[in-house]
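Reader: I'm new to reading protein backbones. Could you walk me through a few features?

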Amino acid sequence: MSKLPVVFQKLKFPVIAAPLFIISNPKLLIAQCTAGVVGSMPALNARPAEQLEEWLIEITEALSAYDRAHPDQPAAPFAINQIVHKSNDRLQHDMALCVKYKVPIIITSLGAREDINEAAHSYGGVVLHDVINNRFARKAIEKGADGLIAVAAGAGGHAGVKSPFALIQEIREWFDGPLVLGGAISTGAAVLAAQAMGADFAYMGSAFIATEEARAVPAYKQAIVDCNSDDIVYSSLFTGVHGNYLAPSIRNAGLDPDNLAESDPSKMNFGGDAKKAWKDIWGCGQGIGAVKAVVPAAELVARLKREYHAAQVRIAATEAV
């Protein structure tokens, strides 16, 4: 286990909820944090840009009120995701608001920049950068990120192709800081497995789509419940970056999920076109087979905790034999 920044000391259960483009909102984030996992959302989900400040006020006030009412069991910290890519013309605006409201954790994606890391560090914030391979991991730490999110094969949305066993092993050879593992994690046993491999936390997104608080259309939530890993398609067509998507949503858009063209990564964009793509084509990871119903976020976290402790008991019983 690595040495963890102070911000994680309030976290009693080792799960960080992944930021879900369009879907994450203050309601879901607050529910995640008060249930005991790190809640998160992309800054770009606030549209227009001015809405981000309103949301940060709502989040910080709600979590502060919760902590006052529950001094012995405070809420977990929250995170804001910043897309560090040239197509994101809101980055400086959004990051300035994160500094103003002292967002505890910044998750950076699609690019590592020293100035973003320095801005977070100016008020004591922690930066976790998501990566899909060891080379990108080294670059992120060289540019000042505090920790890494290893996005392995099977993750929802923009995902890598590396086995989690290989990815975690290679990163842990040289990095002893905060390490998060994502990719098809949707059970408490998988959370424990991530720790056994060397990660400090599990990164979980797709299961939270099928929660009452998530800002996803009912058909999307039900598809998470009804589908499994056989229904996941890996493609670069929709945003220019390879990601995992639900095949039924691709068919509904009039496309053949078995015959998708490749996209030009230079055309990657996070403006209106990207939002439309993610609205019509549903991102999802391979772990959804464990999702059996649309439930409140607190109920999902409670299930994860039960499964996590049950897995611990099974391991302890095996060791005792």
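Author: Happily! Let's start with our terms: helices (H or I, at least four residues) and strands (E, at least two) are DSSP runs, numbered from the N terminus. With that, we can place Pro48 in the loop between strand 2 (39-42) and helix 2 (51-69). Keep in mind that this is a predicted model.

Reader: Which kind of peptide bond joins Arg47 and Pro48?

Author: Here is the general idea: most peptide bonds are trans. Arg47 and Pro48, however, are joined by a cis bond, with omega at about 5°.

Reader: And what should I look for in phi?

Author: Look at the sign, because most residues other than glycine have a negative phi. In this model, Leu110 is not a glycine, yet its phi is positive, about 60°. Leu110 sits in the loop between strand 4 (105-109) and helix 4 (114-121).

Reader: Where does Ala184 lie?

Author: Ala184 is in the loop between strand 8 (179-182) and helix 7 (188-197). Its phi is positive too, near 65°.

Reader: How do I read accessibility, say for Leu110?

Author: Buried means under 20% relative accessible area and exposed means over 50%, with partly exposed in between. Leu110 has 28%, so it counts as partly exposed. Ala184, at 35%, is partly exposed as well.

Reader: Is Gln32 buried or exposed?

Author: Gln32 is buried, because its relative accessibility is 0%. This residue belongs to helix 1 (residues 26-35). Leaving aside neighbours within four places in sequence, Gln32 is in contact with Ala17, Val37, Gly39, Ser40 and Phe208.

Note on methods:
Residues are numbered from 1 along each chain as its sequence is written. This is a predicted model: local features need pLDDT of at least 70, side-chain atom pairs count only at pLDDT 80 or more; totals for chains, interfaces and linings use all residues. Side-chain values use heavy atoms; hydrogens and water are left out. Buried means under 20% relative accessible area, exposed over 50%, partly exposed in between (1.4 Å probe, protein chains only). Contact means heavy atoms within 4.5 Å.
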